Structure formats: structure tokens, C-alpha cells
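Here are some short exercises for getting to know a new structure. Take a look at the sequence and the model, try each task yourself, and then follow the solution.

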Amino acid sequence: MLDSRSTAVTAPAPPRASAPGVMASIVRRHRRMLAVMLPVATLSEGVELLTPIVLGLVIDHGVMAGDLRLTVLGALGLILLRLVGVVMWAWIFVQTQKAVMYERHRLRVGLTGAVLDPRSRPVRRPAGEVLSIATSDADKASDLMDMLPWVVPSLLTVLAAAGYLAAMDLWLGLAMLLGIAVMVVVIRVITPTLSARYDDQQSQAAEAAATATDLVHGLRVLQGLGVQSRARATYRRRSRAALQAALVNARYSGISSGLTTLVTGGMLAVVVVLAALRTLDGSLSLGVLIAVVGVARYVMGMLQGLSGAPVWWAGMSTSARRVRDLYTDLGRTVDDPELGLDVLTTQRDERGETAARQGRRGAAGGLHLPLLSVADGEIVALACADAQDAEAVIEATNGRSETGARIGDQPLTPADRLGLRSDLLVEPHVVDLFDGTLREQLATRAPAGTVIEDDAWATDALHAAGAEDLLRILPEGYDSRILDRGANLSGGQRQRIALARAVAADAPVLVLHDPTTAVDAVTEQNIAEALIAARRRTDRATLLVTRAPALLQEADRVVFMRDGTVVAEGAHQDLMGHEEYREVVRR
């Protein structure tokens, strides 16, 4: 589903507004927990708010009144109050962290499942950008479950504190409410700017990650061309752009924090001065003064914490939007039931249990496209005058569009493609290898029942791909480690390992797209003979999309296509009399 060569989307995405929001999905999944947690969290914050108020009452009615019994009981009550608050806070912390970790896991697995699912729309985004969204942005969006159980109770207790101060003295309550109003205005003004800055920061970081991924992928090519310094300069420029965006975002975040601290500090000073004056003129008792100062200090701490909410929200909302947009580009949604953890963690490859019971899979009925068919036992080569025609055929065999293609009698459509993985393997021209040993590379899709420890199957696959020399070149043979994307191999070696992997899969229907473009003519001829011999089975159908003369020569039948139309069909030698065909295969 992923192509790192372009940032364009191949299919038009539906309007962004129609896609379900990621944060709304998170809240819906945890609504029952939130219904319990928010009241408990509010009680926990209420305990914090009550502590200075109870202390003031103990001072007025116990200490100042000389009542030892009430003083001791009040002290014990404060200790009990704190214990209850700590227990509630610990429970809330555990529950919120469980929810955050669950959502991070759900979004990561869901996005990965959507990218890998053949029924998803192909998205031409840089691999580094997709990786950034599926990790960094998914983690950031999930922090909503850490924010809600703290922000909502904090707001409620701040309002309750303002009510308490107003009850003690109207001017105290008005001073606090004025400070809250000013802070709300400040937050409302700076939040859109913070969101835009954070969006730019994440975009620049994703571009830097994409550049790094591309450079690592093409490291051997860069070294061969001798342009390492230019590559370093390119990454340095992208990295600096990401750094500059992060610094600008940090600057705005610092301004936001400074402004809110100024507002809350000024409010605290006004409340304390007013309370002290009221105490001096006898309007308030000493205990109430202590309570007011404690409540004001509590509120200041809450407001300073809430001042970070705009920065937090800007990061979460931006990341949630990026996650949603990637889902939308893939033609999926965050609430897609097929991408749920209960499905993805129990789903098995459709080569599945039936194949395991039956051993080697039998004939699938051949491959049937609108313009050509490949019957069981047949090896057909398709030569296209235009590369776009070859790409269109590969897209049709991938089942990414409704073209009328079939595997036997089963339609090959986006909806049915997932269930046909056991019968069809399409090996693309762009080679992808994974980190692991050579044996593990070849066994990626080995048929059920293959004895991996017995290397005979792997040797046959390497022979069919003309890659037996790798056992001599690689220091540890089948146990030699292949780096991610085959970074320690040449282009021809990567291509031959990918071809051997496709042969080892022994799929009933195999489609190969230009499998020999990175090898010399002699090696190509050896591959053609060995590959055709390996696939020449009565229950196997093979389509070779290629212009390589050696493969065309060995195929049972060659189909020549131009402008989406079959122009000629027959044996390679017979078609060489066709002038246009001859020009195409001799390029």
C-alpha cells in the first residue's frame, strides 16, 4: 500500500470532514471508564481543595479556641483526607496510563494493518512520513486519555474555589474570576497559533524522517555515485528545517507559559493582599486567611498546569488529524471493524489452516484478465510498448480496482483480494527485503509444511533465480544476515533473492514484473531457463511482465500490448517479425 517515490495519492480521498475523528473515537471507546473516572478525579481534586479549608477551620475552632480535642481530631481528619486523596489519585493514574497505552497500541496496530491490507487504497507517501504518523503522531493523539481526567476536574475545582472565595468575601471571588477570564482570553488567542506551529513542526520532522529513510535505502547507490556529501547536505538542510520549526514552536509555547504564569501570579498577589487587608480590619479570621491563601495557592498551581493545556491540545489535535488523514487516504477509518485489535491480533494469513492440512496447494484455475488469460500449466510473457500498460496490468493482478480480473472463478477485487493471498503472489519490480538471515528471507512465504531447517527447498529456489553463487559470496551461507532493504547487497543480488523468495512461495498463480533488470545478459539467460523449469507444472500459472528477450524466448506464449490493446500474440521468434515488437524488445 505504500510507495516512497511520490507524495501524491493515486485515488481521490473523500472529504476530510466526513472522516470520523480520532479523538472522538478514543473518547467513545472509553466512555464508560470516563463516566466513573471523571467524578472520582473531581473528588480527588476536591480533596486537595478542601485541605486548606479544613486546616483553616481547625485553626479557628481548635487552635485559636484552645480546644485540644478538636485540634487533634482535625489533625487526624487532615491525615485521613490526604490518604483518601492519594489513593484516588493512584487509582486514576493507573487507569489513565492503561487507557493511554491501549490507545497507542490500537492506533499503531490499526495504521499498520491498514497500510499492509491489500484492500486499502495505495498511498504514495514517503515511508518515513508514514512511520512518523504511525508512531509519533499515534502516541501524541493517545495522550487525550491522560489529559481529560486531569483538565476537566481541574476546571471544576477552580470554579469551586472561586465560589468559596466569593462566599468568604465578594471581592476575593471577583479577583479570582477576573484572573480566570483573562487567562481564558490569552489561551483562546494563542491556541490557533500553537496548533499551526505544531503542525509545521510535525510536517518538517516527517520530511526529515522520509529523507533519512530514502538515504539509508539508497546508501550503496550514493556511495557508487560518490555523492555522499550532497546527500549529507540534503539531510542536514531538512533536519535544520525541522529544528527551526521545533524552536519556533518552543518559543511560542514559552510565551504562552509566561503569559499565563504572569496572569496567575498577579491574581494570587491580588487575592492574598485583599485577604490580608480583610483580616487586619477584622472582616476575616486568621483561619480563613490561611484557608484563602492555601486555596489561592492551589488555584495558582492548577491554572499554571492548565496554561500548558493549549500546547498539549495543539499537539494532540494536530497529531490526531494527521492520523485521521492517513486513514482517509488509505480509504479506511479509525473505527474500521476490520482494523480492530480483536481482529488483527487473531487474524491468520489466508494461506491458513486449510493449506496446513492439505500441504502443497493445488491449482487455482489460472489467471484471467480482460485482455489475456494464463491457464494452469502455462507460462505467459507480456511485453508492453508503454510502461504504463505494464503498471496497469500489475494493478489489475493486485486486485486494487474493479477490472473483471479473476483467479479461476473467483473475482479479483479489492474486497476479495485478501482472501486470495494463498493462490496469488505478485512480485513487484521494486525489491523489498527485510532484516534477517538469507534463510529467513527465502522463507517469508514458504508453503505450509516446508521444513525450514532442511535447506533443499531454499537451494532449489536460489537455483531457479540464478542466485546459487550467493552461498559462496555470503560468509555464512544461509545464516548470513541481510540488512533491512538489502543494504549490504548489490541491486542484482537483491533482485535475485526477491525472485528466489517468490519461487520458494510456490504460489499457484505467480506474477513477476521485470524480475531480471539488474542482472547481466548471461545471468538473465540462466535465470530464464531455471525459472521456467521451476514453474513448469500442470497446476501452476505464471505471468511474466517483461521485455527481457531471454524470458520472452522461454515463455510458452508472448502477448504484445500497446496503448492498452493486444496487438500481437504468439511465440517470441514468430513475433520478432513484427517490427514494433522487435523494436520494443531490443531497446
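A cavity here is a set of points, on a 1 Å grid over the protein atoms alone, where a 1.4 Å probe fits but cannot get out; its lining residues have an atom within 4 Å of a point. Points are joined across faces, edges and corners, and a volume is the space filled by probe spheres set on the points. This is a predicted model, in which local features need pLDDT of at least 70 and side-chain atom pairs count only at pLDDT 80 or more, while totals for chains, interfaces and linings use all residues. Residues are numbered from 1 along each chain as its sequence is written, and side-chain values use heavy atoms, with hydrogens and water left out.

**Exercise 1. Describe the second largest cavity and its lining.**

Step 1: Searching the whole structure gives 3 cavities of 30 Å³ or more. The second largest holds about 70 Å³ of space.

Step 2: List the lining. Among its residues are Glu427, His429, Gln495, Leu499, His513 and Asp514.

Step 3: Sort the lining by class, counting Ala, Val, Leu, Ile, Met, Phe, Trp, Tyr, Cys and Pro as nonpolar, Asp, Glu, Lys and Arg as charged, and the others, Gly among them, as polar. The result is 6 nonpolar, 3 polar and 2 charged residues.

Step 4: Find the elements, where helices (H or I, at least four residues) and strands (E, at least two) are DSSP runs numbered from the N terminus. Both α17 (491-505) and β9 (509-513) supply at least two lining residues, and α17 gives the most, with 3 residues.

**Exercise 2. Place β9 in its sheet.**

Step 1: Two strands pair if DSSP finds at least two bridges between them. The open sheet has 6 strands in the order β6-β9-β10-β3-β11-β12, with mixed pairing. At its edges are β6 (424-427) and β12 (565-570), each pairing on one side only.

Step 2: Look at the neighbours of β10 (residues 541-545). Strand β9 runs parallel to β10 and is joined to it by 5 bridges; β3 is also parallel to β10, with 4 bridges.

Step 3: Match residues across the strands. Val509 has Ala541 as its bridge partner in β10. His513 stands opposite Val545, and Val545 is also the bridge partner of Leu382.

**Exercise 3. Is β10 covered or open to the outside?**

Step 1: Count a residue as buried under 20% relative accessible area, exposed over 50% and partly exposed in between (1.4 Å probe, protein chains only). By this rule, 5 of the 5 residues of β10 are buried.

Step 2: Check each face. In a regular strand the side chains alternate between the two faces of the sheet. One side of β10 has Ala541, Leu543 and Val545, the other has Thr542 and Leu544, and all are buried.

Step 3: Look for helices in contact, meaning heavy atoms within 4.5 Å. Angles run from 0 to 180 degrees between the N-to-C directions of axes fitted to C-alpha atoms, for helices over the stretch in contact. Helix α18 (residues 521-535) lies across β3, β9 and β10, at about 150° to β10. Helix α13 (residues 387-397) also lies across β10, and runs at about 150° to β9.

**Exercise 4. Why does Pro149 count as buried?**

Step 1: Locate Pro149 in helix α5 (residues 144-168).

Step 2: Pro149 counts as buried because its relative accessibility is 6%.

Step 3: Beyond four places in sequence, Pro149 touches residues including Leu34, Met37, Ile92 and Thr96.

Key
1 Å grid on protein atoms, 1.4 Å probe; cavity = no way out; pocket = protein on both sides within 12 Å on 5 of 7 lines; lining within 4 Å.
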